[in-house]
Each structure stands twice: as C-alpha cells, then as structure tokens.
There are 2 protein chains.
Amino acid sequence: MPGQPRNSRTSEESRNSRIQRQVMQLIIDRRLRAGALLPTEAELMEDLGVSRNSVREALKALQALDIVEIRHGYGTYVGEASLTPLIDGLTFRTLARHDHDDSAALAEILQVREVLEEGLIRRVAATVTEAELDRLEAVVSRMEAAGRAGRAFPDLDRAFHELLYASLGNDLVPQLLAAFWTVFRRVNGARGRPDDPSPELTARWHRDIVTALRTGDVEGAQQAMAVHFRGIEARARRLG
Amino acid sequence: MPGQPRNSRTSEESRNSRIQRQVMQLIIDRRLRAGALLPTEAELMEDLGVSRNSVREALKALQALDIVEIRHGYGTYVGEASLTPLIDGLTFRTLARHDHDDSAALAEILQVREVLEEGLIRRVAATVTEAELDRLEAVVSRMEAAGRAGRAFPDLDRAFHELLYASLGNDLVPQLLAAFWTVFRRVNGARGRPDDPSPELTARWHRDIVTALRTGDVEGAQQAMAVHFRGIEARARRLG
DNA sequence: TAAGATTTGTACGTATGTATT
DNA sequence: CAATACATACGTACAAATCTT
C-alpha cells in the first residue's frame, strides 16, 4: 500500500511548469493580444531548448486554461483567458461529489450568484440608461411570448442577466455570472432535470426587475431580484 | 498573412478533448475521491486505445485544471479541483492587458470582492457564533500587534476573511474570495507595489467589523466592511 | 545500505491529417 | 492539382524519481 504523498520538491520547479511560464512570459513581453499567432512548436523547441513533447504538453496545459488556442494544421494563437477553466472545474467537482448529492454544491453556487446579483442590481439602478432598459424590456417581451407558449428560454435568461450588468463597465462581472449560470445548467442537464417547469413565472420575475429599474426604485429592484432567486431556490429544493 | 481563424470542426470532437473527458468520466464512474490513485499511463493507454503521448497531453491539461495531480515516479492522483486555474487565468489576463493599465482590471476584481463581502457579511451576522467571534478577535489582536510594529500582515488578512465566512457552510465562498485576494496580491507584487502602506489603519478596519458583529449590528457590520473596501480602493487609486 | 521494480519525464524519429499558397 | 508548412499521433528508448525488498 502506498503511503501518503510527500510534499518534496519545493526548491526546484518542474520543467513543464517552467515552459508554461516561459510561454506566458513571451506573450506578455511581446505584447501579443488575444488572437495573435504564437511561434510554432519547432521555434519554441529551439528557443526554449526542449523537445517537441515537452512543448506540446505545456501548450496543452495552457490550452486548458484558455491562455492559448491550438488549431490543427494552422498554428497556436493567444487565447481569450476566459473563465472556461472555472466552468469546467466547477462542473467536474459538482458532478464528482460522491459524499453528498450535488444539490448542496448547486446551492452554494446559487448563493454566490444571489449575493452578487442582489448587490450589483443596486449599482445598476444608478447607472442604467433608458436605451439599456429598452433592450432589457425587449428581452422580457420575448420571454413572455415564450412563456405563453409554454417554452423554456435559457438563452434569453442568460442574455438578460448579461445585458443587465453591461452598464457597470466591469467585464469580469458578466463573465463570472455567466460561468456560474452555465455550471448550474450543465449539472442539472447531466442529471436529467427539467429546464424550467414554469416559464411564465420566470418571465414575470424578470418583468418585475425591469419595472423597478425603470422607476428608479433601487430597493424594489433588489427586492425583485431577491424574489427571483427565492423562486429558483424553491425549484431546486423541490427537485433536490 | 494569415486570415481570421475559422470556426470549423463542430461535428467531431478532437481526440485530446475526448481523452480528457474519458478520464474525468472514469473518476466520476469509479467514485474516486481527491487523493485517490488513478490508473497508470500504461493502463490508460490500453483502456483508451491511444498512445502514451496522447494520454500524457490529456493528463497535463487535466493537471492544469487541478482535476488530476501528477507525481513523478509515483503515480497520478485525483486532484482537489480547486480554484487554482481561476487564479492563474485571472493573474495572466491582468498582467497581459496591454491596452489599458492593469489598475482597471484590479478595480474590477475588487468590485466583485466588495459586492460579495458586503452582501455576505449580513448573512454572517445572523449565523456567526461566539466561538467564531473569539477566533476572529484573536486574529485582529495579532493584526494590531503587527500594525504597531509597522509590519504588514497579508496572511492574517487572508485568514480573517476566510474565517469570517466559514460559518456560512458554503465552501465555495471562501475559496472564491481567496482566489480574488490572491490575484490582487500577485499582480501588485509583480508590479513591485508596496504590500500595505498603513497596517494600523487596516487593523482598525477589521476591528470595527468584529465589533459590529459582536453587537449583532447587521447594518453596522456591512457599513464597516464597506469602509474597509473604500480604504483599499483609495489606496489602489493613489498607486494607479 | 543497496538493488530492483514501477511509474512518470524527456527525447527522437516517422507517418498522417489539415490548411495555405 | 501540387507543393509547402504545420499540427497531430504513434512508437520506442532512455533518464529520473519513488517505493519496495
């Protein structure tokens, strides 16, 4: 039986991590933007003095972090450094929770979303423009149409929350919320749970949010957002 | 000059991604916990019918996501699926922002932390126990001692915020906050900025938070947290 | 202490698939 | 269509690290 893994090797960095760092540093030093072409594997081999395998393994690791993007037969590009790794990691660890069922993990994600959105909506209420409210209202109208037809509207839901926080000028916020939203949806999908049991109710929650924002009612907007999340939580508990 | 990258290949999944999925599925199916030993590379080669290089590249990608952990000469283990990839990705993309200076990116991260902590502290106020408050107070006392000596105390700061949200029973929250905290610190470190120009002031902010929690003052606790973040933002602006 | 077995790390060669010119 | 450039995949050999005996 193998013993506990040791925590040796604090002195020296592994070669693979070193190559990863060097490639990242290369991107930073050369001021390459997302989409820019990176040196070929052969050039990296030569520049870094390592074999093709080592280069490829490092690039694969960076690809998993969305720091580079590899295109077969074309080349390696600087990636978007999106939150894709967060989505993959959270999805995996939720699905791999064997000790408890996954509803606890989903509740954790939902609580983070809830705190974020209830806090952010107050700031949105102060900065949102009429034009943005019009766009939000258009999305809600489409939600209501889908709801009357009994159809779920995950894409509209996602678009609403993304549009809602666009006025903050904080690019991280919509990406982070979208990541949590995607994990929530993927896990539920993998578990074969239904998408949205009551689309009309969901549409009304969003309508109430826009209405409160339109009248400049900060408290009301936060309250409407809270109601929205209470509803999602109630559904999750029912399915749990 | 190469044109825009195409978005072909939606039909078939790349071999490497397939192997990654298969390894993740293997962990889920066999109900392996973090720390459990995975099949050796040779076994995976055989089971999945691919070469060693392909197995290794897939494992390297999963290692970057902290889904597996590879130990030279020992074996491959199931990883913690921590938020390390988020830290790496956010740090990289902040340092790689060439269009704007990084202060804008740091302000975005700070805003997320701020909204989260100001919302969460209200829930903490309702659930925190006397024993937890005692531990928090002990940390603050050490902060004040360090502050009087003019020393910065990043570890105590981190421990405080981690301890603060332990009572929520939401494991994701402290991990997420720690991730943002680490990115913030790493980027500032890479830019050669000072750690904490006024430790005594920082200690006082934390003292005020505990004091408000002790008296059960929800509004006061949120207010104290807000003051804390206003202070951090003011410092960041001064350095910007 | 030392030798051997197991496992991962690195390197090289070759063939194939894919996109550009 | 042909030629070129590049990434992808496989196989093999050996080095390095770790555990067992």
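Which polar backbone atom is 3.4 Å from a phosphate oxygen of DNA strand D? In this predicted model, the backbone atom belongs to A:Glu41. Let's start from this contact and look around the DNA strand.

A:Arg56 also reaches a phosphate oxygen of DNA strand D, this time with a polar side-chain atom at 3.0 Å. B:His72 offers something else to look at: a polar atom of its side chain lies 3.1 Å from a base nitrogen of the strand. Helix H3 (52-64) and strand S1 (68-71) of chain A, along with helix H3 (52-64) of chain B, are the elements that each give two or more residues to the surface near DNA strand D. The largest share, three residues, comes from H3(B).

Now take in the whole neighbourhood. There are 22 residues around DNA strand D, and those that come nearest are A:Arg56, B:Arg15, B:Asn53, B:Ser54 and B:Tyr74. On the DNA side, sugar and phosphate make up 76% of the atoms that come within 4 Å of the protein. By character, the residues of this surface split into 10 polar, seven charged and five nonpolar.

B:Tyr74 leads us to our last stop, the aromatic rings. Over all chains, the structure holds two aromatic pairs. In chain A, the ring centres of A:Tyr74 and A:Tyr77 are 5.7 Å apart and their planes meet at 20°, so this pair is stacked. A:Tyr74 is partly exposed at 40% relative accessible area, while A:Tyr77 is buried at 4%. In chain B, B:Tyr74 and B:Tyr77 have ring centres 5.8 Å apart and planes at 20°, so they are stacked too. Here B:Tyr74 is partly exposed, at 40%, and B:Tyr77 is buried, at 6%.

Key:
Residues numbered from 1 in each chain as written. Chains lettered and ligands numbered in written order. Predicted model: local features only at pLDDT ≥ 70, side-chain atom pairs only at ≥ 80, totals over all residues. Heavy atoms only, no water. Phe/Tyr/Trp six-rings, centres within 6.5 Å; stacked < 30°, edge-to-face > 60°. Buried < 20%, exposed > 50% of the residue type's maximum accessible area, 1.4 Å probe, protein only. Near = heavy atom within 4 Å. Polar contact = N/O pair within 3.5 Å; in protein donor to acceptor, adjacent residues only side chain to side chain. Helix = DSSP H or I, 4+ residues; strand = E, 2+ residues; numbered from the N terminus. Nonpolar A, V, L, I, M, F, W, Y, C, P; charged D, E, K, R; others polar.
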